[in-house]
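Biologist: I am new to reading structures. Please take one part of this model and go through it closely, in plain words.

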Amino acid sequence: MKKTIQITVNGKSYSRDADTRQVLADFLRDELRLTGTHIGCGTGSCGACTVVLDGRTVKSCCILAADVDGQEITTIEGISTGAQQLHPIQEAFVEFQGLQCGYCTPGMVLSAMQLLKENPNPSEDEIRHGISGNLCRCTGYHFIVKSIQEAAKRLQASK
Amino acid sequence: MKYIGTGMTSLTNRQLAAGKGTFVADYKPEGMLHMAVLRSPYASARIRSIDTKAAEQMPGVVYVITGQEVAANMNPIFEAYDTAAMGAKGVKWYALVPERVRFVGECVAAVVAEDKWTARAAADAIEVDYEELQPVTDPEKAMEPGAPLVEPEWGDNILVTRDFRSGDPDKAFAEADGTISGVVKQHRYTGAAIEPRAYLANYDPYQDLLTFHASTQNPHPMRVFLAETLGIPETSIRVIQPHVGGGFGLKIPTFQEEPLLAYLARKLQRPIRFVAERTEDLLAGGHAREERLYYEVAYKKDGTVTGLRAKVIADVGAPSALCGWGQSFVTSYCIPTCYKIPNNRVQLFSVVTNKCPWNAYRGYGKEAASFMMDRIMDNVARETGLDRAEVRLRNYIQPHEFPYSQVSGAMLDSGDYPKALRKVLDMIDYENFPAMQAAARKEGRYLGIGIGQELTPEGCSMPRSTLLGGWDGCTVRVNPSGQVTILTGVTSPGSGNETAIAQIVADELGVSIDHIKVIQGDTDTCPYGLGNYSSRSIIMGGSAAKVAANELREKMLKVASKLLEVAPDDVDAEDDKFFLKGAPTRFVTFKEVASTVYRDCHGKAAFDVEPGLEATRYFKHPNVYHQPDTQGRFSSYPSWPNQAVAIIVEVDPETGKFKIVRYCAVHDSGVVINPLLAEANLHGGFVQGIGGAAFEHLVYDESGQLLTTTFMDYTCPTAVDVPSFEVAHQETPSPFTPLGTKGVGESGVTGPLGGLCSAIENALADRNVRLTELPLTPSRVWEAISAAQGGNR
């Protein structure tokens, strides 16, 4: 069964027929071809599919596309404007090696973005809690935490 | 500038941080179909019949396949090891099981359909009539006479045994001041890369070419395995590895789904994709680690260990074509790791059970050997009253004693274990810890310090193996405009070896790294190579790149010297220039020399060199011995990185929960090409080690049902569960590789096993707590406290 939904993704409006079985992550990936949103577990445990939905981070593998009609979504593709114009958080991940394979990275970056929006000057402990919904198997989190600390500093300085 | 030794960030960071990487599941070619697999719900059962009618009649279903068709049209899956050459038993494992299932999750049937929901629903609509059989799920029960047989034609459940001997253990035990016996148990866990296994197969009948996109670590070996299993030419297959979302060994072929998908794509002549669900990967994506190590040691009162008897019992799960069972062999091969014990007997029993087959997982059995030796050293310290570090120092192989042959025939290349341990003890201020511990105790806090000692042999090379070889290839090409293309036989699962290889080539050619592009993971463009495992990408791939780049360097120096009108020996290369040594203002640019070779090959400067600037070279590691000695032993690991860690924990004795307060490590992987990426790799290893030591557990019930089938039950550590890390490198160069590299990728996972046990026991020393079994969950620690107090809590 299909349901027509109107959504805004990364500032662009879409009207599409979504299969009622389709989770938001698959809708973004397969229908809109925004493949930066990754799927790692399908149970909302790993956070690779994290997107921002109406101002809060959600695990898009656990939400049906048909249920987000009328809502606004930001994916990893929506926070930078080109290869040399990454978001300051992405730049910090690039410069401080806050990633390895890059599979968890989009979700991790969006969780970090939301954290810094709510808490612009977090402690290491607060950073660790802020990304505790996102699993990473490559980095041991060490350089991710460092990247977010650096991003926080830069974002504060640019205010 | 020089690049080797510089901590550059990875060349792939920008693309991946932008979310613009391409993983297999991102491909969606026109007309793509989806494959779903029906898996065995039983640990052991005979298939009486399969009814596929209901599935076939569902709208959107394109094809339904069972094991009967597979067995009639495909070979058994080609084995990663030459089992006969390894003295092990082999197995005929088909892409779908035709008759008898041997673990929950084994592939029984599959559906290809227009969308993934239909494929799934149709697979679930296949009716299989099973005759349930008695499974065996405990390795020691599996060794008993009369146990149910996983492979009835074997006659027992033993896949392979080993029995290594040196010196005279009986005499050592008779003459000892003391002996200790015990067991260490490591549970079943796995790598759990965040990207599940994923493949896309597409067949072009006009070219007779199957293009197979795979989240794999080994494109060339995978092509061999697919070709042999399907019975088609290797040249009719192209394997492409796009970005891989973590491998850790688990993405080494061959899983049932791989040849199955390849077969179906050829048959149906449409692109078909298979992306595993997390549950499927936890059920059937390869397990590792489950081993029990029984030991007896003989020691003198000065702490020197004079004799060791060890018996390794490994539960490798159901036999398969995967290379995982080799981990049990490697555990026995590594004992007694860094230590100089003159009298040994090491036995291995690699046992099959009705559980998921092992596949490779970072550590590859080495971790269990070091874990056992750590427990032994701590116990000897306790019995002799000596310090734990002192006991290790008194038993280490000394730096001047290399190459050192261990009881298994392992030939340890080099190392300085005492220096690394002393350095890490300084880092953590080991000397002053007792005062810190006493002060904390006054506040009611239980701090403890522990030592973990890793020995992580790398560059695995097994006799007659398609997959595991001590060599690799690299092509370096200088283009007419002076840019450099590197094509490697090794691949990267995200660990950054492409960056380190570019650094090696940049230094060799004296060219800026901005002018280099690295291409990996494509059997049609890259030189033949074995891909990524056993930390081999820099040992083998980096060495091959060095040798290939050197060939071009010599050629370009010759041309440059003609252009400069000096002797070749007087010319050096750096910063995109060839210059006169001692007079760097006399130079020709790198680009000019490249241009001369291509555009002026009949001119004066390039007249006596062969046209073109491309070299493909292979590196073969010299420290491998495949000719068996009189005991039948061979040496399969050429490179021996090591690491000493020191960990401080705080334990809550009321709950058994602990927190890591400090984690220090001194790592020695020989010459480090890129210290930043080496450290990044280590951090990942630490957390996978901590995860294994305390968080992750694949739990089976007695009937062989896996109880941990999602990330809600199989709990990987999050950022709040682990500390920041303090890492220092020590460089004891390999005497055998052109750059002195030893490999770093697998290191880090071992230290937490013994190190955390050691630290927790130290925190609770006055309660006399003994830890012998992982994972160190709060309940296990609490039970150990309770047991030490006579179980009266």
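Modeller: What follows is a close look at chain B.

This is a predicted model, so local features need pLDDT of at least 70, side-chain atom pairs count only at pLDDT 80 or more, and totals for chains, interfaces and linings use all residues. Residues are numbered from 1 along each chain as its sequence is written, while chains are lettered from A and ligands numbered from 1 in the order in which they are written.

Start with the overall layout. Chain B is divided into three parts: domain 1 (27–133 + 197–275), domain 2 (291–461 + 629–788) and domain 3 (471–620). These bounds come from an automatic or database domain assignment.

Now to the strands. Seven of them form an open, mixed sheet in chain B. Their order is β3-β5-β1-β12-β9-β10-β11. Helices (H or I, at least four residues) and strands (E, at least two) are DSSP runs, numbered from the N terminus. Two strands pair if DSSP finds at least two bridges between them. Strands of a sheet pair through backbone hydrogen bonds, either parallel or antiparallel.

Look at the edges of the sheet. β3 (61–66) and β11 (237–240) of chain B stand there. Each has a single partner strand, so one side of each is left without a neighbour in the sheet. From one strand to the next, the twist averages 20°. For angles like this, axes are lines fitted to C-alpha atoms, for helices over the stretch in contact, and the angles run from 0 to 180 degrees between N-to-C directions.

Zoom in on one pairing. Strand β1 (residues 33–39) and strand β5 (residues 107–113) of chain B are antiparallel partners over six bridges. In β5(B), B:A110 is the residue opposite B:V37.

Helices lie on this sheet too. Helix α7 (residues 219–230) of chain B lies across β10 (209–214) and β11 of chain B. It runs at about 145° to β11(B). Helix α8 (residues 257–268) of chain B also packs on the sheet. The strands touched by α8(B) are β1, β3, β5, β9 (198–204), β10 and β12 (272–275) of chain B. With the direction of β9(B), that of α8(B) makes about 30°.

Next, domains 2 and 3. Taken over C-alpha atoms, the centres of domain 2 and domain 3 of chain B are separated by 40 Å. In contact are 19 residues of domain 2 of chain B and 18 residues of domain 3 of chain B. Here, contact means that the C-beta atoms of two residues, placed from the backbone, lie within 7 Å. The domain 2 side that touches domain 3 in chain B has eight nonpolar, eight polar and three charged residues. Ala, Val, Leu, Ile, Met, Phe, Trp, Tyr, Cys and Pro count as nonpolar, Asp, Glu, Lys and Arg as charged, and the others, Gly among them, as polar.

Now for some local details. Of the 10 residues of helix α14 (residues 433–442) of chain B, the number buried is zero, so this helix lies largely in the open. A residue is buried if 20 or more other C-beta atoms lie within 10 Å of its own, exposed if 12 or fewer, and partly exposed in between, with C-beta atoms placed from the backbone. Just after α14(B) comes B:G444, with a positive phi of about 85°.

B:T337 is not a glycine, yet has a positive phi of about 55°. Its loop runs between α10 (326–334) and β15 (343–351) of chain B. B:T337 counts as buried, with 29 C-beta neighbours inside 10 Å. B:D575 is not a glycine either, and its phi is positive at about 50°. B:D575 sits in the loop between β22 (571–574) and β23 (577–580) of chain B. B:D575 is partly exposed, with 14 other C-beta atoms within 10 Å.

Check the prolines as well. B:F402 and B:P403 are joined by a cis peptide bond, with omega about -5°. B:P403 is in the loop between α12 (388–395) and β16 (404–405) of chain B. Another cis peptide bond joins B:L774 and B:P775, where omega is about -5°. The loop holding B:P775 is between α19 (751–763) and α20 (778–788) of chain B.

Last, the partner chain. Here 47 residues of chain B are in contact with 43 residues of chain A. On the chain B side, α1 (13–17) and α18 (675–695) each supply at least two residues. The largest share, seven residues, comes from α18(B). By class, this side of chain B has 22 nonpolar, 18 polar and seven charged residues.
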